[in-house]
Amino acid sequence: MANATGLSAPEVAASMGLILAALVEAAALLGNGALLVLVLRTPGLRDALYLVHLCVVDLLAAASIMPLGLLAAPPPGLGRVRLGPAPCRAARFLSAALLPACTLGVAALGLARYRLIVHPLRPGARPPPSLVLTAVWAAAGLLGALSLLGPPPAPPPAPARCSVLAGGLGPFRPLWALLAFALPALLLLGAYGSIFLVARRAALRPPRPARGSRPRSDSLDSRLSILPPLRPRPPWGKAALAPALAVGQFAACWLPYGCACLAPAAQAAAAEAAVTWIAYSAFAAHPFLYGLLQRPVRRTLGRLARRALPRSPRACASRAWHPRALLQHLQRPPEGPALGPSEAPDQGRDLTERESLSMSEAT
């Protein structure tokens, strides 16, 4: 098919890669913009500042380095636009600064959740978020400055090599990779590993009996209710979901890029387009991973969706037939006055007299 349409196999692969990269960029812009609105409209969210910071970094990356990857990636990349020396250095600095700002921001968010879950009653041990985020941006600025110490861009006939992988940092590339990827990975693994251990320990702990609780009856229903399920599930399965997703997403997106930074420059340049866009997919995954997994954010999203969508009258009518609403309706006291013990026999006599009179009239 490629020969029939006049396109070679590399051109078809580049076109497919361009389409996928455009979808990733659109998902990053829309997802982070929507999550930023939800976080700002969600009251009482404890790690709101860290989520806002992560959304802002992702939006900056989606508006700066991702379009450069689409238009000016070196061969065998996606784009064919040539950058001059000054834009090339600016692209190097943005890439070398925004990527560590993202990874260190994710690590700071994980540490904040660790302190909230493991040490909830020790607010003095938590540093203020403004101080943590200032340190994150200071480290990102220093790591971005390392790109200015690299070799100058090549003249126009040769590829410019404006990225971090393809010679943008020179001898500082292993140091940048260790500080930008290895350190956040260790912090994230330690934080979510501790969260998982605490949640597992709490799930395995037997529940305490409530005060004033009545002893269980010896009926058949009570005996059946204490039987174990047919397929028992581990109690820590739900507790392991969030740490596994966070650590797995970080490793899947950033580990190939970090390994390419430690590889020789020629091999890193050959795999630049693939590992770069795998890393950029993290900007599109963050809104779904760190936003929709939080219950307050989901509640705010449902409330806004109910306000935006028109409510049908059939939904209000079907609510009356809900089992819980029907049970509450049956448990309501009767509207009329209750009959006393002395009034019940009189009412019974009146009923029998009325029935005898009606029978005599009928005959």
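This passage describes annotated spans, surface patches and one long-range contact in a predicted model.

The UniProt record, an unreviewed entry, places the feature "transmembrane region" at residues 12–38, 50–73, 93–111, 131–149 and 175–199. Two of these spans were examined for secondary structure and end-to-end distance. Residues 93–111 are 100% helix and 0% strand, with 27 Å between the C-alpha atoms at the two ends. For residues 175–199 the helix content is likewise 100% and the strand content 0%, and the end C-alpha atoms are separated by 35 Å.

Two patches on the surface were identified, one nonpolar and one charged. The nonpolar patch covers about 480 Å² and consists of V12, M16, I19, L20 and L23. Among its members, V12 is located in helix α2. The relative accessibility of V12 is 33%, so V12 is classed as partly exposed, the range for that class lying between 20% and 50%. The other patch carries positive charge and brings together R41, R303, R306 and R307. R41 is situated in the loop that connects α2 (9–40) with α3 (48–63). With a relative accessibility of 47%, R41 is also partly exposed, because exposed residues are those over 50%.

A contact between residues distant in sequence involves A269 and L165, which are 104 residues apart along the chain. In space, their C-alpha atoms are separated by 6.3 Å. A269 belongs to helix α10, formed by residues 265–270. Its relative accessible area is 10%, and A269 is therefore buried, as the limit for that class is under 20%.

Note on methods
Residues numbered from 1 in each chain as written. Predicted model: local features only at pLDDT ≥ 70, side-chain atom pairs only at ≥ 80, totals over all residues. Heavy atoms only, no water. Patch = residues over 30% accessible without salt bridge, like charges linked within 9 Å, V, L, I, M, F, W, Y side chains within 5 Å. Areas by Shrake-Rupley, 256 points an atom, 1.4 Å probe, with all protein chains shown as cover. Salt bridge = Lys/Arg side-chain N within 4 Å of Asp/Glu carboxyl O. Lys, Arg positive; Asp, Glu negative; His and termini not counted. Charge placed at Lys NZ, Arg CZ, Asp CG, Glu CD. Helix = DSSP H or I, 4+ residues; strand = E, 2+ residues; numbered from the N terminus. Buried < 20%, exposed > 50% of the residue type's maximum accessible area, 1.4 Å probe, protein only. UniProt positions renumbered as here; feature names shortened; annotations may be inferred.
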